[in-house]
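Biologist: I would like a close look at a single part of this model, namely the place where the two chains meet. Please take me through it in one connected account.

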Amino acid sequence: MSAQSKPLLAADRVRLYLTLVPYLLEHGQVSLAEAAEEFGVTPEEMRSMVEKLTVIGLPGDSGYWQQPQEMFDINWDLLDEDDVIEITNDVALRRVPRFTAREAAALLAGLQMVAAVPAVSDSGLIAGLISKLSRGAADAPAEVVVAPTAVDDVRQVVARGVQEGVAVSFTYQAPDAAPMTRTVDPVQILITNAQWYLQGWCHMRQAMRTFHLDRVSDPRLTDIPIEHGDDSVPEAFAAAANDGEVSVQLPLRLAPLLGSFLSAADMRTVDGLVHARLHLADPRGIKRIAAKLGGGLEVVEPAIARTATREWAAAGLALYHQPDPSVRTVD
Amino acid sequence: MMAARIPAEERLTNLVVALMATEIGLTKQQILDNVSGYRQRADAGTRTDALEKMFERDKDELRTLGVPIETIGDPSDPNDLREARYRIPQAEYDLPADIEFSPAELAVLRLAGSVWSAESVSADAQSGVRKIRALGIDGDEPIIGFAPRITARDPGFAPLQEAIEKSRVVEFDYLKPGEDAPRRRRIRPLALVDYEARWHVFGVDVDIDAERMFLLSRVAGEVAVTGEGFDPELREGAGDRALAGLDRVAASNSALLEVTPGTEAALRLGRRATAAPQGIHVPFVDLHILADELASYGPEVRVVEPEPLRRAVIERLSAVLEAHRDPEEAR
């Protein structure tokens, strides 16, 4: 819940007040910094909102101004001198409001997503939470369903490595490479686009690496305590310094399919055609991405990548007795 | 005296406080005369009809924030709202007191609230978690080592969610692969479904009066939310029906494939395959999506059947080959 840079809209501020008041009443005295962190605003923003709380109150009566006890009030000295918030008079908003339909929907979908995480599924808390959130919503949330994914042995073993803080050893087979044994201090399991990745310190490479769990087999828990658990995880699919660069072009409508491969800094769009530079450990690896986009993406440079792509497609077609007619073959 | 400019959030929050503090309700006139934010405008000579419009907008705004505003009309003529009274029933506003969350549950919810990468949905999830923390619950140690992520990049997601919440018919152009032009669809949307990392909307196709699933990535242009409503009862159990439907489709569609052992195709497809006398069987729900994936494997996989899938893969590989011919190459 880090401080956000976007200015708050009036509705955001109202929503914030409705939860801030019961939060402050529950907690008594709260430092400005802590409240700001909790509500995702800057300390200055929080100070201003708390100061303005004191102009909120019960309606006046037929032209009379409100009495002081009919308004919210705070301990001004404490705020000014110690940066601590304390409500000294409250007139309403004492209870935490129900969840909005959107809040409930966002959390309900999130729960379905995390249900696959072994640390969560072991807890057996999901069903109860789903029922509490549904019952606590002000209006029926739109149903947002996340289809469950299978958690196989590889995922279970690697997850145990993360939870128990020991290195895992496994056979790893990257595309177009021979299988290797890798031993990794697991730091985090990233689950995105329905794929599971292990991020951790590779004993052989002596560096943080990301491993696709579909390419992992025969995982074993070691008894080696992890030594790099506190290292920050790498940007998931960030380019490495010695990665090759591949120039491609594709129609703008297909660009989202490249997802994390595409960074705004490395693309320009001319007449609906995106020209982009992608970073891959082996430039020839672009053949798989190009083939997935079925001819929509054209590999421009380097020649080695373009040739690899052409040959990849030709070799695939050859399985169907439709060899590239421009290439003479001897059967 | 010039009326001081009262910010919208101050007027809205004062309105909530006023409507909460009244048992019998306040009339519109009482609100405009007495609630801070309206009162000053009325004093400054703002016309009554302009203030009434502002009040109507404010009520809508608060309802989207989950604040229940009850309208108590004339019992002898419920449609006559001239003397209507407004109030916020505390029992409908408060998070029910019997809903409690344990520290372990809060830890699970915090993880669930962290999965959204879309900014607006993420803000909703965080706001929901904040309400629970405002109850005074401090969570267990956060669940670390797992980073599940949900993305919702499709522009149709937000309008569809709104349409489901309000039970409103939507219209959009839908482009099926293999068809030349998109076709206009009218749908009663019932649920959003994330299946294999792709968002779908499940709903009733109005023209054929049958439940269907639509891929959001195939929606061309904008999703229009119409003024036409439908019975919210239709939404009951829609998510379960959608998932059951997908399972039925997957069970009845199976591809027979030959894969080269030890390759990326063998690893990735093997996870969801069953062995067959010739190669492997892989279930699928969408022929075109599977064809994209199979094309990416190039010569690592050969489609034996079904024939339309075989043709789709050949078509893709041929297009890739065509896009990567070099000019000097003989045709």
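**The contact between chains A and B**

Modeller: In this predicted model, A:Glu143 has B:Ala191, a residue in strand 6 of chain B, as its bridge partner. That bridge belongs to a longer pairing, in which strand 5 of chain A (residues 143-146) and strand 6 of chain B (residues 183-195) run in the parallel sense over four bridges. Within strand 5 of chain A, A:Glu143 and A:Val145 point one way while A:Val144 and A:Val146 point the other way, and all of these residues are buried.

A further pairing between the chains joins strand 7 of chain A (residues 180-192) to strand 4 of chain B (residues 146-148), again in the parallel sense, here over three bridges. In this pairing A:Ile189 stands opposite B:Phe146, which lies in strand 4 of chain B.

Helices take part in the contact as well. Helix 5 of chain A packs with helix 6 of chain B (residues 103-113) at an angle of about 100 degrees, and their axes are 8 Å apart. An angle of 65 to 115 degrees counts as roughly perpendicular, and helix 5 of chain A and helix 6 of chain B are therefore described as roughly perpendicular to each other. From helix 5 of chain A, the residues that meet the partner helix are A:Leu107, A:Gly110, A:Leu111 and A:Val114, and on the side of helix 6 of chain B they are B:Val108, B:Leu109, B:Leu111, B:Ala112 and B:Gly113. Sorted by class, this contact between helix 5 of chain A and helix 6 of chain B has seven nonpolar and two polar residues, and no charged residues.

These strand and helix pairings can be set against the contact as a whole, which takes 98 residues from chain A and 92 residues from chain B. On the side of chain A that touches chain B, the largest share comes from helix 5 of chain A (residues 101-114), which supplies twelve residues. The side of chain A that touches chain B has, by class, 56 nonpolar, 19 polar and 23 charged residues; charged residues thus appear on that side of chain A, although the contact of helix 5 of chain A with helix 6 of chain B has none.

For orientation within chain B, the domain assignment divides that chain into domain 1 (8-93), domain 2 (96-151), domain 3 (157-237) and domain 4 (253-323).

Definitions and conventions:
Residues numbered from 1 in each chain as written. Chains lettered and ligands numbered in written order. Predicted model: local features only at pLDDT ≥ 70, side-chain atom pairs only at ≥ 80, totals over all residues. Contact = placed C-beta atoms within 7 Å. Helix = DSSP H or I, 4+ residues; strand = E, 2+ residues; numbered from the N terminus. Nonpolar A, V, L, I, M, F, W, Y, C, P; charged D, E, K, R; others polar. Pairing = 2+ DSSP bridges. Axes fitted to C-alpha atoms, helices over the stretch in contact; angles between N-to-C directions. Parallel < 35°, antiparallel > 145°, perpendicular 65-115°, else oblique. Buried ≥ 20, exposed ≤ 12 C-beta atoms within 10 Å, placed from the backbone. Domains from an automatic or database assignment.
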